[in-house]
Amino acid sequence: MPQPLLEVKDLRVHFPTDDGLVKAVDGVTYSLAPGETLGIVGESGSGKSVSSLTVMGLITPKQANISGEVLFQGQDLLKLPKDEMRTIRGAKISMIFQDPMTSLHPFYKVGFQISEAILEHQEISKKEALDQAVEMLARVNIPHPKDRANQYPHEFSGGMRQRAMIAMALALNPDVLIADEPTTALDVTVQAQILDLIDKLKSEFNAAVIIITHDLGVVAEHCDNIMVMYAGKAAEFGNTEDIYYKPLHPYTWGLLRSIPRLDEDTHERLHPIRGLPPSLINVPPGCAFHPRCPYRFEPCDKEVPALLPVDGHHAAACHLSLADKQRIRDEEVMARG
Amino acid sequence: MGRYLIRRSLFLIMVVVVVSFLTFLIFVKLPAGDPARRAVGRTTTPEQIENARKAFGLDKPLYVQYWRFLRGFIPWPPSQPLEMIAGKPPPPDGPWLDATEPDGPYYSYGNFVPVKEEIARRLPITGTLAIGAAIIWLLLGIPIGILSGVRRRSVADRAAMIFAIVGVSMPIFWLAQLLLYAFWFKLRILPSSGIPIGYEGWGGALRAAAEGRFILPWVSLAYINAAFYARMVRGNLIETMNEDYIRTARAKGLSERRVIYKHGLRGALTPVVTMLGLDVGLLLGGAFITETVFGLPGIGQLAVSAIGTNDFPMVMGVTIIGAFIIAVANLVVDVAYAFLDPRVRYT
């Protein structure tokens, strides 16, 4: 395994609120190798966004109690002074967001907004920065990039705006690109384009990518590894093949079964996961998923299951024995198709 | 842009005409007392009243009266100058006889000066008051609002919001009296209320301002507005700082200073322009309370005294001018907004 570029170790992000402590991220560990694409999958409120915003330094100790380590090229970003963090944020680690409609400033021209990011990190003239911005727009396949750079975000379509965001994020040739639900707000046809674009640029820029999504189907062909998160913790971690074909956590099963299939009898209903994601203030004791888990048994509501490796680096946090998991998976989950 | 402005200007004229028509109807159809009767005094003969009615043109059909009233505000061609004001002796049948001239100026029933002239004479006072106060409240309100919005829940924020609550709750006339008591009556460092005779036109108003005669009126008027603006800027800024595009700006690695002042303020201050245009427009139509308390002979005071004496022409004149200024302020705000917010287009 190559030397990891980014290592997150036992990251915890707890927000103190009037109602109690919100444990948005509660002990997450993962690592990212150069050129790797990691998918972080989970429902709303599973902590996937918060964990990456924390990596970016966009959640500050003022807002939340943060513990753990975020090692980027061996340097703990959580301990870095603000100003030094700023030189990394946007230049070495950059991020694109869920809703391109609201992520760009409505009052500034797109070219300016991209060049602003470049100027912040490079000692070049405004003219040169703008030229680079135009070049970036061309690289994300925006036609007439020169004219487009001179337009405002509202003159762009949703997909174009997300392209512009990607151009902005990649303008400084970052080592890590974090894409937080990059396609959720877009049309289905545009979704695939954007993900393909990220794939293409990832190899061109030789960057590692983290794709955060709630939709397992979206990331299947774009990720090397996938981490499934539930209630601020990793439920399962493995490479894409493990997660899709040999999943070992009841929550992952639920996610997979809830993907609608076109090749099945149409009169069959969808299979949602019953219940709601837990409140992050009162996380259920033991395994946070146990109230919704059809396979729960004795220790589930008492002991927190550890994320234990099964084979290689495929790991799942579940009390079921490996044999049981494999049996249930093969008989009930995968038998379906 | 050109077409938009033409369309809006035509619309503006239409609004003013409609307002003038409604005001005219209200004051003609619901007069609180017969103007002709009031004009001739206590002991009169029916003949004299009839003469006065003729002199005012009140015997003419309504559309003639309305046209004369409207004509009094159309600047071109200029209506005939009033000889009485030029120092000539009044005509034997009474000073208002000129009023029957179909093209003559529209006179006040009170002192027989043309309404337009009287308003023009008072506009500099109101203008100086409103614009000076606006500058002060912007200089106070915006920085206080920014400070409070950026350092939310800090001591400075709490202090600023106390300042704002006090300002919003304190009646202007009370604050004005308080200021007068302290700075004129007790400390004797600022002049008392009123503008001396001879301070005419914009020159006179500016001279009065230079002598400090506007300081207390400005402060009284500015405080309440500064309080409103501080609260508005604070609220806008806090709201803007939660926008997704602010997160994007931070994600670019921009300094917090640049995030706040370049990205946050731009969104937060744009609505202030709208408010400012409308507030100043409203005040230019007369800052009634402030003008009355400080004895400033402005539009607001004119309106108050005209209403008190049933001087219909003057009341109507003030109403029209007020409506006109507010309509213009609206237009200015809309045009300014299109410059400030690229999403707004002239259509």
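Domain bounds in this predicted model come from an automatic or database domain assignment. For chain A, that assignment yields domain 1, residues 6-223, and domain 2, residues 228-336. A distance of 28 Å separates the C-alpha centres of domain 1 and domain 2 of chain A. The contact between them involves 24 residues from domain 1 of chain A and 17 residues from domain 2 of chain A. On the domain 1 side, two or more residues each are given by strand 2, strand 3 (37-41) and helix 9 (216-219) of chain A. Strand 2 of chain A provides the largest share of this side, 10 residues. By class, the domain 1 side consists of 11 nonpolar, eight polar and five charged residues.

Strand 2 of chain A also belongs to an open sheet of four strands, in the order 2-1-4-5 with antiparallel pairing. Strand 2 (20-32) and strand 5 (75-76) of chain A each have a single partner strand, so one side of each lacks a neighbour in the sheet. Strand 4 (residues 65-72) and strand 5 of chain A are joined by two bridges and run antiparallel. A:Leu71 has A:Asp76, in strand 5 of chain A, as its bridge partner. Helix 1 (residues 48-55) of chain A packs on the sheet and touches strand 1 (6-17), strand 2 and strand 4 of chain A. The directions of helix 1 and strand 1 of chain A make an angle of about 110°.

Between the chains, 17 residues of chain B are in contact with 24 residues of chain A. Helix 10 (244-251) and helix 11 (256-284) of chain B each contribute at least two residues to the chain B side. Helix 10 of chain B accounts for the largest share of that side, six residues. The chain B side has four nonpolar, five polar and eight charged residues.

Definitions and conventions:
Residues numbered from 1 in each chain as written. Chains lettered and ligands numbered in written order. Predicted model: local features only at pLDDT ≥ 70, side-chain atom pairs only at ≥ 80, totals over all residues. Contact = placed C-beta atoms within 7 Å. Nonpolar A, V, L, I, M, F, W, Y, C, P; charged D, E, K, R; others polar. Pairing = 2+ DSSP bridges. Axes fitted to C-alpha atoms, helices over the stretch in contact; angles between N-to-C directions.
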